[in-house]
Amino acid sequence: MKLISIGFGNFVAPDRIIAAVDPESNPIKRVVAQAREGGRLIDATFGRKTKTVLVMDSDHVILCPVEPEELSRRAAGGTGGDANEAQ
């Protein structure tokens, strides 16, 4: 199973990601709020700024400190990223 780094030693399976979206839009803010209320929110930012919201096929929502473009590169087979890197 292939995993990609989403920063700070956290990894996800790229084939389980439905969408990687900007956290600033109001519809995504509602998705995050609903996931928080439903106990399906995973905050992988370690207190850093959320740069990407990952919507997973398990109905979980992951807050990620890595830019969507970087996650796309990692999923496409580029660098897996450093476990301590949050870029």
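Leucine 3 sits in the segment that comes before strand β1 (4-7). In this predicted model, leucine 3 counts as partly exposed because its relative accessibility is 47%. Together with Met1 and Phe11, Leu3 makes a nonpolar surface patch of about 400 Å².

**The overall layout**

Let's zoom out for a moment. The protein chain has 2 helices and 6 strands, and if you read along the sequence you meet them in the pattern β-β-β-α-β-β-β-α. Of the 87 residues in the chain, 32% are buried. The chain exposes about 5,100 Å², and carbon and sulfur atoms supply 50% of that area. Take the contacts in the chain with a separation of 6 or more: 49% of them come from residues 24 or more positions apart.

**How the strands line up**

Start with β1 and β2 (residues 10-12), which pair in the antiparallel sense over 3 bridges. Here glycine 7 has asparagine 10 in β2 as its bridge partner. The two strands form a hairpin with 2 residues between them, and in that hairpin phenylalanine 8 takes a positive phi near 55°.

Next up is β6 (61-64), which has two pairings to look at. With β4 (residues 41-43), β6 pairs in the parallel sense over 3 bridges, and aspartate 43 stands opposite leucine 63 in β6. With β5 (52-56), β6 runs antiparallel, and 4 bridges join the two. One of the residues lined up here is leucine 54, whose bridge partner in β6 is isoleucine 62. β5 and β6 also make a hairpin, this time with 4 residues between the strands, and aspartate 59 in the turn has a positive phi of about 75°.

Which way do the side chains of β6 point? Val61 and Leu63 go one way from the strand, while Ile62 and Cys64 go the other way, and all of them are buried.

**What's inside**

In soluble globular proteins, nonpolar side chains tend to be buried together. In this model, the largest nonpolar core has 10 residues: Ile4, Ile6, Val12, Ala44, Leu54, Met56, Ile62, Cys64, Val66 and Leu71. β1, β5 and β6 are the elements that give two or more residues to this core. Apart from it there is another core, of 6 residues, including Ile28, Ala35, Val61 and Leu63. Look back at β6 with that in mind: Ile62 and Cys64 belong to the largest core, whereas Val61 and Leu63 belong to the other one.

Leucine 54 is a good residue to click on. Which residues does leucine 54 touch, leaving aside its neighbours within four places in sequence? The contacts are Ile6, Val12, Ile17, Ala19, Ala20, His60, Val61, Ile62 and Leu71.

**Charged partners**

A search of the whole structure finds 4 salt bridges. Here are some of them, with the distance between the closest N and O atoms:

| Residue pair | Closest N and O atoms |
|---|---|
| Arginine 16 and aspartate 57 | 2.7 Å |
| Arginine 40 and aspartate 59 | 3.2 Å |
| Glutamate 70 and arginine 73 | 2.7 Å |

Take the salt bridge of arginine 16 with aspartate 57. This pair links distant parts of the chain: arginine 16 is in the loop between β2 and β3 (17-21), aspartate 57 is in the loop between β5 and β6, and they are 41 residues apart. Arginine 16 is partly exposed because its relative accessibility is 39%, and aspartate 57 is partly exposed too, at 42%.

Now for the salt bridge between arginine 40 and aspartate 59. Arginine 40 lies in the loop between α1 (26-37) and β4, and aspartate 59 in the loop between β5 and β6, so this pair ties together parts that are 19 residues apart in sequence. Arginine 40 has 24% relative accessibility, so it counts as partly exposed. Aspartate 59 is partly exposed as well, with a relative accessible area of 47%.

Glutamate 70 and arginine 73 both lie in helix α2 (residues 68-75), 3 residues apart, which is about one turn of the helix. Is glutamate 70 buried or partly exposed? Buried means under 20% relative accessible area, so glutamate 70, at 11%, counts as buried. Arginine 73 is partly exposed, with a relative accessible area of 47%. Salt bridges that share partners join Glu70, Arg73 and Arg74 into one network.

How values were computed: Residues numbered from 1 in each chain as written. Predicted model: local features only at pLDDT ≥ 70, side-chain atom pairs only at ≥ 80, totals over all residues. Heavy atoms only, no water. Patch = residues over 30% accessible without salt bridge, like charges linked within 9 Å, V, L, I, M, F, W, Y side chains within 5 Å. Areas by Shrake-Rupley, 256 points an atom, 1.4 Å probe, with all protein chains shown as cover. Salt bridge = Lys/Arg side-chain N within 4 Å of Asp/Glu carboxyl O. Buried < 20%, exposed > 50% of the residue type's maximum accessible area, 1.4 Å probe, protein only. Core = buried A, V, L, I, M, F, W, Y, C linked by side-chain atoms within 4.5 Å. Contact = heavy atoms within 4.5 Å. Pairing = 2+ DSSP bridges.
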